[in-house]
Amino acid sequence: MARYVLITGATSGIGKAMAYAFADNQDYLILTGRRVNKLKEIQADLTAKYGISVHYYQMDVTQAAEVAAVCRQILHDVPQIDILINNAGLALGLEKFHKYEVTDMVTMLDTNVKGLLYVTRQILPSMVEKNTGHIINIGSTAGIYAYAGAAVYAATKSAVKVLSDGIRIDTIDTNIKVTTIQPGIVETDFSEVRFHGDKERAATVYQGIEALQAEDIAQSVLFVANQPSHVQISDMTIMATKQATGFLIHREK
Ligand code: NDP
Ligand code: 8X3
């Protein structure tokens, strides 16, 4: 039976790839992000290709009041959210802590941690009420292994993992599942965003290594979401083959 899948940050990269993977699985989609033109394009394409129901909403996860209003609207427009994928996130900068732009640090916390809290706090009560649902949070290998110049990004992804664990404990007497997905290096717009639009510098991140692609993560998430009701995958870490920790990567010259 088709499920209603809400994805935050569905305009590009892993979020967009997940939209296509779940659409191919004949699930219904609720796509959110800030760039509404992208959401509109993706909705049109998915509807044409897969003939499924796709709703989209502009939603900046850093804005608590906006998140509350949009989530209320979503819960009014669709019967329920079966799967919530907290994917919206970013790194900004790669710099020693004592030199870091404070605004970049705060934006990462606001997006990766507070954004996840705002959305989940709005959606989870309806799952508890229906005694069913699955929350899938996109963490990172950075949440396991801190690396140079990324103390705050790593801390936000560590928080994602611990929040997932805490929510799993708080919903233990329900049929709700909670999963943290921890990808390693994935070739998306992530590095371009991190380096404030510097495409050349962003490209160097993926040189000499066959990085993961957004579709690889999407297929892993679909696998996690398609387990029988008694199977809860709590955590999944996915690295490139030539990657051993968050930042230990073997590059071919
Ligand atoms: P992209 O930059 O391609 O995608 C990021 C998505 O997050 C976009 O859709 C963007 O949408 C959305 N987003 C960012 N800020 C906000 C906001 N304030 N409100 C709503 N949406 C927002 O990168 P990825 O696909 O790689 O990143 C997706 C997730 O995966 C992130 O949480 C990232 O930390 C995580 N990750 C990425 C890895 C990688 O190597 N690429 C590895 C491990 C984890 P819009 O700008 O339209 O709002
Ligand atoms: C994003 C990938 O390389 O910054 O989480 O850990 S990395």
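## The largest pocket

Ala, Val, Leu, Ile, Met, Phe, Trp, Tyr, Cys and Pro count here as nonpolar, Asp, Glu, Lys and Arg as charged, and the others, Gly among them, as polar. On that scheme, the lining of the largest pocket has 20 nonpolar, 21 polar and eight charged residues. The model is predicted.

The largest pocket holds about 1,100 Å³ of space. Its lining has 49 residues, and G89, L90, T188, D189 and F190 come closest to the centre. Six elements are listed as giving two or more residues to this lining: α1 (13-24), β2 (28-33), α4 (102-130), α5 (151-170), α6 (190-194) and α7 (199-204). The top contributor is α6, with four residues.

## Ligand 1

Where does ligand 1 sit? Ligand 1 occupies the largest pocket. The elements that supply two or more residues to the shell around ligand 1 are α1, α5 and α6. That shell counts 30 residues, with T11, S12, R34, Y153 and T188 the closest. By class, the shell has twelve nonpolar, 13 polar and five charged residues.

Polar contacts to ligand 1 include backbone and side-chain partners. A polar backbone atom of I14 lies 2.8 Å from an oxygen atom of ligand 1. A polar backbone atom of V186 is 2.9 Å from an oxygen atom of ligand 1. The side chain of R35 also takes part: one of its N or O atoms is 2.9 Å from an oxygen atom of ligand 1. Taken alone, ligand 1 exposes 870 Å², and the protein buries 96% of that.

## Ligand 2

Which pocket does ligand 2 take up? Ligand 2 is in the largest pocket. Its surroundings are S140, A142, Y147, Y153, G184, F190 and R194. This shell splits into four nonpolar, two polar and one charged residue. Y153 is also among the closest residues to ligand 1. F190, another neighbour of ligand 2, is one of the residues closest to the centre of the largest pocket.

Three side chains make polar contacts with oxygen atoms of ligand 2. For Y147, a polar side-chain atom lies 2.2 Å from an oxygen atom of the ligand. For S140, an N or O atom in the side chain is 2.5 Å from an oxygen atom of ligand 2. For Y153, the distance from a polar side-chain atom to an oxygen atom of ligand 2 is 2.6 Å. On its own, ligand 2 has 240 Å² of accessible area, and the protein covers 89% of it.

## The second largest pocket

The second largest pocket contains about 480 Å³ of space. It is lined by 24 residues, and the closest to its centre are T132, G133, N175, K177 and S229. Nine of the lining residues are nonpolar, eleven are polar and four are charged.

## The cavity

How many cavities of 30 Å³ or more does a search of the whole structure find? The search finds one. About 70 Å³ of space lies in this largest cavity. Among its 13 lining residues, N86, A88, T111, N112 and L116 are the closest to its centre.

Two helices, α4 and α5, each supply at least two residues of the cavity lining. The most come from α4, with five residues. By class, six lining residues are nonpolar, six are polar and one is charged. Both α4 and α5 also give two or more residues to the lining of the largest pocket.

Technical notes
Residues are numbered from 1 along each chain as its sequence is written. Chains are lettered from A and ligands numbered from 1 in the order in which they are written. This is a predicted model: local features need pLDDT of at least 70, side-chain atom pairs count only at pLDDT 80 or more; totals for chains, interfaces and linings use all residues. Side-chain values use heavy atoms; hydrogens and water are left out. A residue is near a molecule or strand if one of its heavy atoms lies within 4 Å of it. A polar contact is a pair of N or O atoms within 3.5 Å; within protein, one must be able to donate a hydrogen and the other to accept it, and residues adjacent in sequence count only if both atoms are side-chain atoms. Accessible areas come from the Shrake-Rupley method with a 1.4 Å probe; for residues, only the protein chains shown count as cover. On a 1 Å grid over the protein atoms alone, a cavity is a set of points where a 1.4 Å probe fits but cannot get out, and a pocket is an open set with protein on both sides within 12 Å along at least five of seven lines; lining residues have an atom within 4 Å of a point. A molecule sits in a cavity or pocket if more than half of its atoms lie within 2 Å of its grid points. Grid points are joined across faces, edges and corners, and a volume is the space filled by probe spheres set on the points.
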